[in-house]
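Thank you all for making time this morning. Before I say anything, please take a moment with the sequence and the model on the screen.

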Amino acid sequence: MNKNVHQDLSYSGFCQTCNKTHSLPSEKAIAYCYDLMAQLRAHCSIALFDQKENTDLRLTTANLYSSQGGEMFGILVCEDANGNEVILRAFSSTHNGLWNIEGWVPHLVSENDFMQIVEKGNLKIHPLTNLIQTLEKNSDDWKLKVEERKSVSRKIHAELFELYEVTNFKKEKRSLADAFTNKNGIPNGTGDCCAPKLLNYAAINNLKPISIAEFYWGRTSPSGDKIEGKFYSSCTDKCQPLLGFMMCGIKDL
Ligand SMILES: [Zn+2]
Ligand SMILES: [Zn+2]
């Protein structure tokens, strides 16, 4: 493997407590990612190891080649308290509607809590949408109801974000809003990428992160910026503003 190929990868974030950037190297994790890619290629499934007999069709990677597009996968190489290497794996967001799958680190929030808020929100959003459709476009009433729907939707998103809590390596816990360094607002999907899932799991399970890498798997994105088997740095809009807090304390372990 040519190391220079991955020289531009960066998994880091600015920590406002330490007033500096925390980061992790990628080299070790990249090697494990290549193993995972070989497995995905051979089995066309994200069932791992002893689960290869698992026949749940939702575990297949077929959908990643549909118009829905591919997924990011990530690996965090860690050390436990006895110095043993522990490999953590994550897929971004959900896989074919599955939130948690054996062998992969769990989602940051409970699916049940999340869906309850979404369903409760839909009970407010759907009648408004139906009403808006009956109103004359751009009339005063229409504008009023469109604004009302926006405000309801903002409230639902705020409630969803409140479910997320991230822990760093000093065992400090923060809400997404408090951990996020970009105060212009938290984009949808923040906390659902591989890096936050992996780091949070390591922090609460007393594992010391050594190396991290993320790659894309599935059909090339329409814009061509996501290619199967290629490694990508943590995203600038959702992850980098979180990683400063989340990586804090790793060096002192
Ligand atoms: Zn991200
Ligand atoms: Zn720090």
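I will go through the domains, then the contact between them, and finally the metal site.

Please keep in mind throughout that what you are looking at is a predicted model. The domain assignment divides the protein chain into domain 1, which is made of residues 10-108 together with 167-252, and domain 2, which covers 109-163. Taken over C-alpha atoms, the centres of domain 1 and domain 2 are 30 Å apart, and the contact between them draws on nine residues from domain 1 and seven residues from domain 2.

Turning to that contact, domain 1 and domain 2 bury about 700 Å² between them, with 63% of this area on carbon and sulfur atoms. On the side of domain 1, the residues that lose the most area to domain 2 are Trp99, Leu108 and Asn188, and together they account for 62% of what that side buries. What classes of residue does domain 1 present to domain 2? The touching side of domain 1 has five nonpolar and four polar residues, and no charged residues. Across this interface zero salt bridges are found, while one residue pair is in polar contact between domain 1 and domain 2.

Let me now move to the metal. The zinc ion, ligand 2, has as its protein donors Cys15 through SG, Cys18 through SG, His22 through NE2 and Cys248 through SG, and these lie 2.1 to 2.3 Å from the ion. The angles among the four donor atoms run from 104 to 115 degrees, and the site of this zinc ion is tetrahedral. Along the chain, the donors of the zinc ion follow the spacing C-x2-C-x3-H-x225-C.

Terms used: Residues numbered from 1 in each chain as written. Chains lettered and ligands numbered in written order. Predicted model: local features only at pLDDT ≥ 70, side-chain atom pairs only at ≥ 80, totals over all residues. Heavy atoms only, no water. Domains from an automatic or database assignment. Contact = heavy atoms within 4.5 Å. Buried area = accessible area lost by both parts, 1.4 Å probe. Salt bridge = Lys/Arg side-chain N within 4 Å of Asp/Glu carboxyl O. Polar contact = N/O pair within 3.5 Å; in protein donor to acceptor, adjacent residues only side chain to side chain. Nonpolar A, V, L, I, M, F, W, Y, C, P; charged D, E, K, R; others polar. Donors = N, O, S within 2.8 Å, 3.2 Å for Na, K, Ca; no water. Tetrahedral: all angles 85-135°; square planar, octahedral: opposite > 155°, others 65-115°.
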